Amino acid sequence: MSSILTNNGAMVALQTLKSINSSLNDTQSAISTGKDINSAKDNASVWAISKVMESDVAGYNAIEDSLSLGESTVAVASTGAEQIVEKLKEIKEKVVSATGENVDNDKISSEVDELKSQIQSIIGASQFNGANLLDGSTTDITVLSSLDRDSTGAVTASNITVASADFTDKFTTTGVTVGTSTYKLGDINVGTSSAAEGSLDAIEALIDTATAEAAKLGASSARITDQKDFISKLSDSVTSGIGSLVDADMEETSARLQALQVQQQLGTQALSIANQAPQQLLSLFR
């Protein structure tokens, strides 16, 4: 039955064209933004997951900054500790030389005093951004190393703690205790051969202590560097995962755009044909 009041063909063609236009708008949006899922209405669950992951990536960036600061602080302290070990080795050479006969103990004493002063200067200068792990002014530093999310979504922070070497206390104030004896940097005396012989135990104790502290700082520095590299790679992996969830496949989207443009043209043509149908009824009244 044909009707001049109800054009079923036009209504079907119009609904089809609306659907095509809606899909075309979505496709054009994906091309302009580069994302298939750009808002919650596109896919609420995937959009929510992507936003949580994006917040994690932002957290990783902050962690990298924290690790970089900690890495620099520990690296400066580690370099200072290693330099102190070298200066103590030089002092040991002087002490051994001073134990011999027919040596200029006054000259050796002057050289040892200079080396002691250099060690104190190294301790004082081994700071980064006000944090000094060698002079005792900083007890330890805590470096944010990761944010751990469990299956319930709860997030906890993990830290790397680096203890102070405090050479000021070990070399000047309290000293280094070995057995029942305590040694300080000031105890090293090369004024005479007998005094130099008495200083051998002290320099050995100080070298052992400085070497152990330098090794600890080096290990902490390596751990921070490794964690920094891991966080950087983790951030890249999560970012890639977010992309696989929400980014548009541009090859597929381009092909879909062309197909929809053709469908739009056909839909427009179909609607035009359907709209002409009532006019054909006029021939029945001629």
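The side chains of glutamate 111 and lysine 94 form a salt bridge, with N and O 3.2 Å apart; the term denotes a side-chain nitrogen of Lys or Arg within 4 Å of a carboxyl oxygen of Asp or Glu. Because glutamate 111 belongs to helix 3 and lysine 94 to helix 2, the pair ties together parts that are 17 residues apart in sequence. Helices (H or I, at least four residues) and strands (E, at least two) are DSSP runs, numbered from the N terminus. This is a predicted model, in which local features need pLDDT of at least 70 and side-chain atom pairs count only at pLDDT 80 or more, while totals for chains, interfaces and linings use all residues. Residues are numbered from 1 along each chain as its sequence is written, and side-chain values use heavy atoms, with hydrogens and water left out.

By the salt-bridge rule the count comes to 9. Two of the pairs tabulated below lie within helix 2: lysine 89 with glutamate 86, and lysine 87 with glutamate 90. In each of these pairs the partners are 3 residues apart, about one turn of the helix. Relative accessible area (1.4 Å probe, protein chains only) is classed as buried under 20%, exposed over 50%, and partly exposed in between.

| Salt bridge | N to O distance | Relative accessible area of Lys | Relative accessible area of Glu |
|---|---|---|---|
| Lysine 89 and glutamate 86 | 3.6 Å | Lysine 89: 39%, partly exposed | Glutamate 86: 38%, partly exposed |
| Lysine 87 and glutamate 90 | 3.6 Å | Lysine 87: 12%, buried | Glutamate 90: 32%, partly exposed |
| Lysine 94 and glutamate 111 | 3.2 Å | Lysine 94: 25%, partly exposed | Glutamate 111: 30%, partly exposed |

Elsewhere, Lys170, Glu213 and Lys216 are joined into one network by salt bridges that share partners.

Helix 3 comprises 21 residues (105-125), which at 1.5 Å a residue should span 30 Å; the end C-alpha atoms are 30 Å apart, in agreement. The expected span is 1.5 Å times one less than the number of residues. The buried residues of helix 3 are Asn105, Ile108, Ser109, Val112, Leu115, Lys116, Ile119, Ile122 and Ile123. They cover an arc of only 140 degrees around the axis, which puts them on the same side of helix 3; the arc is that of the directions from the helix axis to the C-beta atoms. Asp106, Lys107, Glu114 and Ala125 are exposed on the other side of helix 3. The cover over the buried residues includes helix 2 (44-98), strand 2 (131-132), helix 4 (167-173) and helix 5 (193-198).

The largest nonpolar core has 50 residues, of which Ile84, Leu88, Ile91, Leu134, Phe167, Phe171 and Ile188 touch the most other members. Such a core is a set of buried Ala, Val, Leu, Ile, Met, Phe, Trp, Tyr and Cys residues joined through side-chain atoms within 4.5 Å. At least two residues of this core come from each of helix 2, helix 3, strand 3 (140-149), strand 4 (155-163), helix 4 and helix 6 (200-246). Helix 2 gives the most, with 15 residues. Isoleucine 91 is in contact (heavy atoms within 4.5 Å) with Val112, Leu115, Lys116, Ile119, Leu185, Ile188 and Ile203, leaving aside its neighbours within four places in sequence. Apart from the largest core lies another, of 5 residues, among them Ala10, Ala13, Leu17 and Leu271.

The predictor's confidence in each residue, pLDDT, runs from 0 to 100. The protein averages 87, and 94% of the residues score at least 70. Confidence is highest in helix 3, at a mean of 95, and lowest in helix 7 (residues 250-280), at 76.
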